[in-house]
Amino acid sequence: MSTRKAHTALKARKGVLLMAYGTPGNLDEVEPYYRDIRGGQTPPPEAVADLTERYRRVGGKTPLLEITRRVADKLEQRLNQGSDDSRWRVYVGMKHWHPYIADTIDAIAADGIDELVELPLAPHYSMLSIAGYEKLVKQALDRLTEPPPTRFIQSWHANPRFINLIAGRIDNVLAKIDADPADVEVVFSAHSLPARIVNSGDPYPDELIESAAAVARAAGVTSWRFAYQSAGKTPTPWLGPDILEAIETIAGEGRRHILSVPFGFVCDHLEILYDIDIEAIDRAAEFGINLSRIDMPNDDPEFVEVLFDLIISGSGARVSELNP
């Protein structure tokens, strides 16, 4: 009897790998982190300087890793709630920095996990983003002698709990803004990607609009639009309109209040703390616009329930089976 079969005969252990993009731990790590994003190619010095300055403006690092670890701890407690055997273990792996996905999967294998769920902490699927996580997972599993059966959750923007969570955060902000909610333009946003994905049939743009419409309906929002943010600085065109352009357009329409809903992200990191909280707010101020933002899900218990629902029921999720 193999080690895995012997282990399974005693007690099946289930694992969850939460995956995020990664973040440098300090300013000295910005350049090697950036190099990893570029597939090992050394980035131009001016690009490193620009990214380093952005991290400096938000305190030298972001809390992405710490938040993800807190989410993992709370999710593990939720999955094992009411059970004495603690069958579930929840792990954290990063795409572009430590702890790397491959290293975490090695640890999962060493722990004797019999079934594995892989969950990228990004709701919308793209062949240029989520497919990259899936590729890294497959490569890591292929190196194992006895890889566990694995479910990879590719997309979960349609999960009803996620939709209600974002809608609730919109309601919370609108209740606090000193303006008639009808005068507030809601701007949903997510990370831009190279525009070439449109010609390849990538579902990313459609998923974003579909889920923005679902959240708007749930929140009772009638005046909203979608914009991209955080586009890379490359010669090739990226998906738009960019949120900074949208702010200028909204100003031209005479509106003076914007509610930013960056629902393509789930925690406070550079794309939120700099791109929205500094860059977008500064641009809005140039036009006399007050820009507010929803609170990110972070490690809120309500978000943990979203992840719990995805793992247990798969509601509103698209899943691929990576059976060895």
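In which helix does Asp103 lie? Asp103 lies in helix H5, where helices (H or I, at least four residues) and strands (E, at least two) are DSSP runs numbered from the N terminus.

The model is predicted, so local features need pLDDT of at least 70 and side-chain atom pairs count only at pLDDT 80 or more, while totals for chains, interfaces and linings use all residues. Residues are numbered from 1 along each chain as its sequence is written, and side-chain values use heavy atoms, with hydrogens and water left out.

**Exercise 1. Decide whether Asp103 is buried, partly exposed or exposed.**

Solution. Begin with the cut-offs: buried means under 20% relative accessible area, exposed over 50%, and partly exposed in between (1.4 Å probe, protein chains only). The relative accessible area of Asp103 is 46%, so Asp103 is partly exposed.

**Exercise 2. Compare the expected span of helix H6 with the distance between its end C-alpha atoms, and then find which residues of H6 are buried.**

Solution. The expected span of a helix is 1.5 Å times one less than its number of residues. Helix H6 (residues 130–142) has 13 residues and should therefore span 18 Å, and its end C-alpha atoms are 19 Å apart, which agrees.

Next, turn to burial: Ile130, Tyr133, Glu134, Val137, Ala140 and Leu141 are the buried residues of H6. These residues cover an arc of only 130° around the axis (taken from the directions from the helix axis to the C-beta atoms), so they lie on the same side of H6. As background, an α-helix has 3.6 residues a turn, so residues three or four places apart point the same way.

Finally, look at both sides of the helix. The exposed residues Lys135 and Asp142 are carried by the face of H6 turned away from its buried side, whereas the cover over the buried residues, counted by contact (heavy atoms within 4.5 Å), includes strand E1 (14–20), helix H5 (101–110) and strand E3 (115–120).

**Exercise 3. Classify the ring pairs Tyr33 with Trp97 and Trp156 with Phe303.**

Solution. Rings of Phe, Tyr and Trp (its six-membered ring) pair if their centres lie within 6.5 Å; planes under 30 degrees apart count as stacked, over 60 as edge-to-face and the rest as tilted. By this rule the count comes to eight aromatic pairs. For Tyr33 and Trp97 the ring centres are 6.3 Å apart and the planes stand at 85°, so this pair is edge-to-face. Tyr33 lies in helix H2 (residues 30–37) and Trp97 in the loop between strand E2 (88–94) and H5, so the pair ties together parts that are 64 residues apart in sequence. Tyr33 counts as buried at 4% relative accessibility, and Trp97 is buried with a relative accessible area of 10%.

For Trp156 and Phe303 the ring centres are 6.3 Å apart, but the planes are at 40°, so this pair is tilted. Trp156 sits in the loop between E4 and helix H7 (160–176) and Phe303 in helix H12 (residues 301–312), 147 residues apart, so that the pair links distant parts of the chain. Both Trp156 and Phe303 are buried.

**Exercise 4. Describe the surroundings of Asn80.**

Solution. First place the residue: Asn80 lies in the loop between helix H4 (64–79) and E2, and at 10% relative accessibility Asn80 counts as buried. Then list its partners: leaving aside neighbours within four places in sequence, Asn80 is in contact with Ser86, Arg87 and Trp88. A polar atom of the Asn80 side chain lies 3.1 Å from the backbone nitrogen of Arg87.

Notes:
A polar contact is a pair of N or O atoms within 3.5 Å; within protein, one must be able to donate a hydrogen and the other to accept it, and residues adjacent in sequence count only if both atoms are side-chain atoms.
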